[in-house]
Amino acid sequence: MLPVAATAAGPDLPQATNCSVRIFPGLGGPGSNAIASSSNGLVIGIADTAGGGSAPVLWRGGQPTQLTIPLDAVAPASVNAAGVVVGTGYDATNEVLVGWWWQDGQYHPLPVKPGDIAIPSAISDNGIVAGALVADEEHSDGPGADEDERPAVWPSVTAVARELTLPAGARGGHAFAIGPDGTAGGVALSDDATPVLWAPDGSAKALPTLSGKGGVVLGIDATGQALGQSAVADGTHAVTWAAPSAVTDVGAAAAGPKSSASSGIAGVTVGSGSSPSFRGERPQAVIWIGKSARILPPGSDAQFTGVSGSASSVSRQGANTVVIGYSAADNGLRRATEWSCK
Amino acid sequence: MELQVNAARLVSHPLRWVLALLLGIALILANFYYLSGSRDSEASAATTVSLGFAGDTGGNTVTGKVIDAAHNGGVAAMFNLGDLSYSQITPESAWCSFVKQHAGTMPYEFVTGNHEDDGPDGVWTNFASCLPDQLGSVGNYAQQFYTDYPASSPLVRLIMVSPKLTFSGSGLDWSYKSGTQGYKFVTSAIDSARAAGIPFIVVGMHMYCLSMVNYPCAASPDLMNMLVSKKVDLYMQAHDHAYARSYPLALKGSCTAIPVSSFNPDCVASTNANGQFAAGTGTILATVGSGGRSLNSENNTTTAPYFQSFMGSNNNPTYGFLKVSVTSTTLTGNFVRASGGTYTDSFTITRPAAPSPSPTATATATATATATVTPPPTTTTAPPPPPTTTTAPPPPPTTTTAPPPPPTSAISVRSTASGAGELTAAGSYTPGLPAGWQPGDTVFLFSQVTVSGSANTTAPAGWTQAVGDFTSASSTSAHQAVWYRVMQAGDTAPSVTEPAARFAWSTVAVQGASTTTPLDVTPATDTNSGVAYPGVRAPSITPVTPGALLLTAHGVRNGTNSATTSFSPPAGMGELGDSKSNAALEVDSLALTDTSATGAKVATASSSSGTVTNQCGTAIVVRPAP
């Protein structure tokens, strides 16, 4: 086990008091979820429609626009400052999963070699896409792609994916994050799960973990710091990797046994965690500023009472730190939520 | 078939009667040997039996670790949910040898996945040849079968099926759409298990329907909705290389089918944060594709709210299996780690009391598991349910039907049903009777109605009023009433006459109740004057007979017309029904031991919008049979 750079322990989590919360409007249905945001405040997610289904949505300034993607089960994954959205959907005609990108109202499939399926997870402001490839199976087997995922990067949305090198012994993996310099982050899977950073040349660097039982890189902030989660005895803790040789347990500042970091900007990390004294220890959106953690209380409105939540992305908008994610009611219904913090 | 041929020769032999006698003795001895020396004696001696489940295994070091974890973890038998070798070890016989090296004497069963139905990673018949059924399953082993465990006194029926798979040459429809042979097989297996008084039902298959990957239903929506409507306790699937476990799912309120591309809160029967659920409230769905093949990511999007806990390549990647431990009153699931991270999950389904057997318990159980064909199992045309068998139980074969659990005279809840709806004009509706009710059971019908005028004015034909209509102190539009009937053979569901109104109902079948005086004392009602949201109170009641059964009803009219209300049961009570709608109704039970006052019981309401709820409650003591 490699050295832990710092550990911040706290008995309980206070609520953030300098943040305003708002529930985003949806598409006429009851539920929604904000999945990711760009550095300039674009937000993508999904929302239930009045007709009873769900659809991908792009919020600009908090106002929703439904994305027209000619697929089923559409799930956007990431958006960048240029308004390029990436995600996946199911082509029912050809019975195959499709990775796609969208910009200015136009849908395009992500390029892949014959026999591969694209699963994009993140797109950077300079247009690099990180994700995974999986072998396209016999379509008569129906939906699904149950071969090993192979981590990959698309240098641009119009370029064929380049597979990333797996560490020795790994059988699969997935790149979930892309940094500003083209560094990708994710996980390599062998008998264990190893958090990995892939340099722009595709070479892999395994990262240390807290317990020696695995971890995952889920985000890379604008300074190049990787963040995500590392397994501990009772679950996972949110961690950051400022350098490839040191892991910082920011999740210890969340008093619950399970926390995870999903996104960050300089000095700020967001994700999920819990606290015994807040809403029955339900999972909550959490913001870490340095070593200090705060719960972002779930939002509510006249028709919805949030009792739990999670944060998925953070960006700086002027003087404010803006976090997006979802609030969830006691019955599980989710609503896309924005926390704006001074 | 071979036995039949030999028997035909015997009857014409001069010493046929002697030989027949000797054969009979031999069969009896073989039967005794099998029963006494097999899994039955081991399992029935224990109060808990544990079974393991995982699919998408491959043939690598993790695959071995998962089997080792099961073997060393007190699992009596392991079930592979399909996608076996992935050609990581070939041929099929070599993979079977690998499995046996790790499993040892632990039976290792499987249902076929899409990688070995017609290939490309081996063929299921070859796997079945080297890993034959060891549990006396009924049906076509590895394709569509069920087994009761332990066989001598079953606590759980395991039903394994193959939706969406391709079995060339079988000539059968494997879509599991309503009305197909596979759909009928499952419905029959469920119904016969209930009739036999088997406490828990588990259904497994390879292909998923509702999942946390961004694919549509790969299996059969009809099958999934049928399993949920029949309140199967646990429904397992694989194909998604991860683990995800849902809250109990139910068809209630606006949820007439489980949507797989959006989330409907009405389809969730309970959101207990600790994973503690009452049996009969819903079906827990578990994806267990963590058996050894590399994990994939799970997506926190459209369908995620159905799931209480998940693991994948993006969340604490951990290989392992689901250990399902069953007693007569509980089914507990634990995700057991074998390699990788530290993920855990635990949930428990609890029955208020063990059901007693049905007098028809043996009608369709395991009586036909007698064929002596050798593996691999054939792909003969599947018979209509209940199925006949082409499986190969381990020698010597037995014709013994698994006996039902011993009868019990204790009063308990056998089964329940609940629902809600709206009459747009004055008329009637038909609440469902609890599944598997038996003549002599007392069935209680609880009614909650939202309407500004009168309601619950007429008892259904043949039913007796237990609690006359009364209303909440905070609104005369919130009505509650209760009727009951001592059931007779041939009874059908009642017709309830109401005005144009929204309504909720629960029916509760109580076994072991006095058939002459089911009501131990006069039921008590509570208008909930001064009770603040979210409490919904049923009053204290004092029984006169020890060992009685307390039933409480907690009803509300939601003050917001479009809103619905769900409930958590009072502390220490078992939830029997939670009819989530504007007129919402919670029914709970508690086994009483003495004649002390029960104390008020307060359920917790959860309104989908607002906190104005007009509450009322009832307490009934059901007298045990003398």
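How many bridges join strand E4 (residues 138-140) of chain B to E5(B)? In this predicted model, three bridges join the two strands, which run antiparallel.

**Strand E5 of chain B and its partners**

Within the pairing of E4(B) and E5(B), Asn140(B) has Gln144(B) as its bridge partner. The hairpin that these strands make has three residues between the strands, and in this hairpin Ala142(B) takes a positive phi near 80°. Strand E5(B), residues 144-149, is also joined to strand E6 (residues 156-161) of chain B, in this case by five bridges and again with the strands running antiparallel. Here the bridge partner of Thr147(B) is Leu158(B) in E6(B), and the hairpin formed by E5(B) and E6(B) has six residues between its strands.

The strand pairings joined by bridges that are described in this report are set out below.

| Strands | Bridges | Direction |
|---|---|---|
| E4(B) and E5(B) | three | antiparallel |
| E5(B) and E6(B) | five | antiparallel |
| E3(A) and E4(A) | six | antiparallel |

Strand E5(B) is mostly covered, since six of its six residues are buried. The burial extends to both faces of the strand, with Gln144(B), Tyr146(B) and Asp148(B) on one side and Phe145(B), Thr147(B) and Tyr149(B) on the other.

**Helix H5 of chain B**

Helix H5(B), residues 92-103, has twelve residues and reaches 16 Å from its first C-alpha to its last, close to the 16 Å expected at 1.5 Å a residue. Its buried residues are Glu92(B), Trp95(B), Cys96(B), Val99(B) and Ala103(B). Seen down the axis of H5(B), these buried residues fall within an arc of 100°, and they therefore line one face of the helix. The face turned away from that buried side carries Ser97(B) and Gln101(B), which are exposed. The cover over the buried residues of H5(B) includes helix H4 (61-72), strand E2 (77-80), strand E3 (108-110) and helix H6 (124-130), which belong to chain B. After H5(B) comes Gly104(B), whose phi is positive, near 60°.

**The sheet of chain A and the contact with chain B**

In chain A, four strands form an open sheet in the order E3-E4-E5-E6, with antiparallel pairing. Its edge strands are E3(A), residues 28-37, and E6(A), residues 63-66, each of which pairs on one side only. On average, neighbouring strands of this sheet are turned by 35° against each other, direction ignored. Where E3(A) meets E4(A), Ser37(A) stands opposite Val43(A).

Between the chains, 50 residues of chain A are in contact with 41 residues of chain B. The side of chain A that touches chain B has, by class, 18 nonpolar, 19 polar and 13 charged residues.

How values were computed. Residues are numbered from 1 along each chain as its sequence is written. Chains are lettered from A and ligands numbered from 1 in the order in which they are written. This is a predicted model: local features need pLDDT of at least 70, side-chain atom pairs count only at pLDDT 80 or more; totals for chains, interfaces and linings use all residues. Two strands pair if DSSP finds at least two bridges between them. Axes are lines fitted to C-alpha atoms, for helices over the stretch in contact, and angles run from 0 to 180 degrees between N-to-C directions. Two residues are in contact if their C-beta atoms, placed from the backbone, lie within 7 Å. Ala, Val, Leu, Ile, Met, Phe, Trp, Tyr, Cys and Pro count as nonpolar, Asp, Glu, Lys and Arg as charged, and the others, Gly among them, as polar. The expected span of a helix is 1.5 Å times one less than its number of residues. A residue is buried if 20 or more other C-beta atoms lie within 10 Å of its own, exposed if 12 or fewer, and partly exposed in between; C-beta atoms are placed from the backbone. The arc is that of the directions from the helix axis to the C-beta atoms.
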